[in-house]
Amino acid sequence: MRLLFILFVLCNSFLVTECRRKNVLFLVSDDMRPEIAAYEGQDFPSSIHPPMFTPNLDALASKSLLLKRAYVQQALCSPSRTSLLTGRRPDTTHVTDLFHYFRRVGGNFTTIPEYFKMNGYEAVGMGKIFHPGYLASDNDDPISWTMPYFHGTPNFESRENSWKAISDDLLKNEPLIDKQIADHALSTLQKLAPAAKSGQKPFFVAVGFHKPHLPFVFPESFLQHYPLSEIRLPNNEYAPVNMPKAAWFDYTGLRLYHDISSLNATGAINSTLPRDVVLDLRRAYYSALSWTDSLVGVVVNELSKLGLENDTIISFFGDHGWQLGEHSEWCKQTNFELATHAPMMVHIPGLTDKGMVTEQLTEFVDLFPTLVEAAGLDLLPLCPDDSTNIGLCREGMSLIPLIQNQNATWKNASFSQFPRNLNGTNIMGYTIRTDRYRYTEWVKFIGAPTYKPEWNISFGVELYDHQKDPDENFNRAFDPSYVQTVKQLSYLLHAGWRLALPSSGKDNYSERS
């Protein structure tokens with residue numbers, strides 16, 4: 001009944017004589033934490049963070065379901081994207097690094113663009129959707145697309161500088177790679193529009209922007225939105241009290257750039273970069289983020305010019321968060337809130353036009369079933385415990401119930417993880433985020449062919465109470481007053497994501513009824 005209701009609403013909202021399948025514009029940003037104006041407030045207080053210039057993402061958010069608390073399944077590009085694109089978690093895809101391809105190590109899983117392709121869509125990809133390269137994706141998972149893939153060419157990027165503001169005049173003849181991707185998106189939409197408008201061939205167009213990933217390269221004019229006088233240092237420049245060593249990442253990705261390595265930065269716990277360097281990096285990140293926002297606007301506005309705005313679902317997400325000197329930490333590659341929390345929004349014409357916001361805990365594995373249901377395709381069954389040989393299933397939940405009722409019964413936790421090698425031992429940090437707490441256990445991990453944690457071999461435990469400590473500055477795992485909380489959260493973490501689902505989400509066929 002739910003699916004039939006949605007199709008009725010979508011078809012009748014625009015007084016069309018026949019119900020055409022909705023197109024999908026699938027937008028991705030790299031390393032974008034949810035620091036856009038639509039998220040301002042408790043997560044990014046104005047006393048520390050500057051007003052963000054993100055008018056285009058804010059406009060999209062105003063007509064979307066905005067997910068204020070969406071969490072990635074792993075804070076690293078390839079594992080996060082693989083998880084989202086297959087709708088399965090890293091322990092199922094077996095992708096936890098940048099060098100393994102899910103079809104080789106996990107299973108021949110159907111991806112989001114592939115499923116739309118199977119349902120008669122023109123599936124077109126450009127920029128960074130899958131993590132690129134042969135090892136990570138067999139060069140962008142060719143089976144997922146119906147047309148040749150477009151990458152673009154990086155300009156003005158090198159290992160010399162972690163950030164660079166390029167004169168706008170120079171960019172007239174040598175556009176940055178994300179501008180090339182945006183231009184290709186426009187030409188692609190223009191090419192696909194006639195068949196889509198006639199109902200002959202709907203499209204699934206995936207546009208992946210590279211920024212604000214390092215190096216932070218952007219047009220110089222974007223610095224005007226962030227005067228240096230408005231940039232603040234983080235208010236927590238030290239690692240959490242009682243943090244286990246396993247929780248730390250030495251921000252290798254940033255230290256690879258010559259301007260940072262020349263500072264003799266070690267990435268050691270509680271070692272900080274010079275004040276002026278931190279301020280410059282934060283300002284450059286904000287500017288690169290706003291540059292991406294401007295390109296999102298260019299692409300989304302093209303739908304209106306082509307008369308496709310009422311027939312196109314739009315999703316946007318950043319593939320994970322990013323640390324900008326908080327805890328003296330940089331990059332992603334941790335289980336902290338700032339690394340696992342990322343922006344996500346979904347616009348469905350006729351359903352979200354007035355905008356809606358949810359504070360429910362959501363996960364990136366929820367996007368696949370959401371887009372499928374919004375487009376009116378056959379719904380995905382819940383994956384069994386072992387889905388290695390099952391091509392199509394889900395480990396998340398469709399977000400449509402939150403669109404129909406923002407107080408709908410929903411999952412009570414989100415789950416993320418991150419691998420480490422500690423003194424030659426492979427370990428995995430499993431983390432659970434509930435409404436109030438983040439709880440993490442770092443345990444020994446057995447890889448292929450078992451892929452299982454050994455919960456009884458621990459390398460550290462973390463508990464952060466977000467009601468008292470939203471910046472995660474104090475690990476309370478061994479505080480006597482939290483003994484029962486630790487016991488309860490440990491049980492939920494070991495039980496896993498299935499226990500966190502409401503009863504409706506556990507039924508393979510409940511979403512069809």
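## Surface patch, covered helix and hairpin

Leu-135 counts as partly exposed because its relative accessibility is 46%; buried means under 20% relative accessible area, exposed over 50%, and partly exposed in between (1.4 Å probe, protein chains only). The model is predicted: local features need pLDDT of at least 70, side-chain atom pairs count only at pLDDT 80 or more, and totals for chains, interfaces and linings use all residues. Residues are numbered from 1 along each chain as its sequence is written, and side-chain values use heavy atoms, with hydrogens and water left out.

Leu-135 lies in helix H7. Together with Phe-99 and Tyr-134, Leu-135 forms a nonpolar surface patch with about 350 Å² of accessible area. Such patches comprise residues with over 30% relative accessible area and no salt bridge (a side-chain nitrogen of Lys or Arg within 4 Å of a carboxyl oxygen of Asp or Glu), nonpolar side chains being joined within 5 Å and like charges within 9 Å.

Two elements are mostly covered, as tabulated; helices (H or I, at least four residues) and strands (E, at least two) are DSSP runs, numbered from the N terminus.

| Element | Residues | Buried residues |
|---|---|---|
| Helix H3 | residues 77–86 | ten of ten |
| Strand S12 | residues 414–422 | seven of nine |

The buried residues of H3 include Cys-77, Arg-81 and Leu-85. Just after H3, Gly-87 takes a positive phi of about 70°.

Strand S12 runs antiparallel to strand S13 (residues 425–433), and nine bridges join them; pairing requires at least two DSSP bridges between two strands. Pro-419 has Met-428 in S13 as its bridge partner. The two strands form a hairpin with two residues between them, and Asn-423 in the turn has a positive phi of about 55°.

Notes. Areas by Shrake-Rupley, 256 points an atom, 1.4 Å probe, with all protein chains shown as cover.
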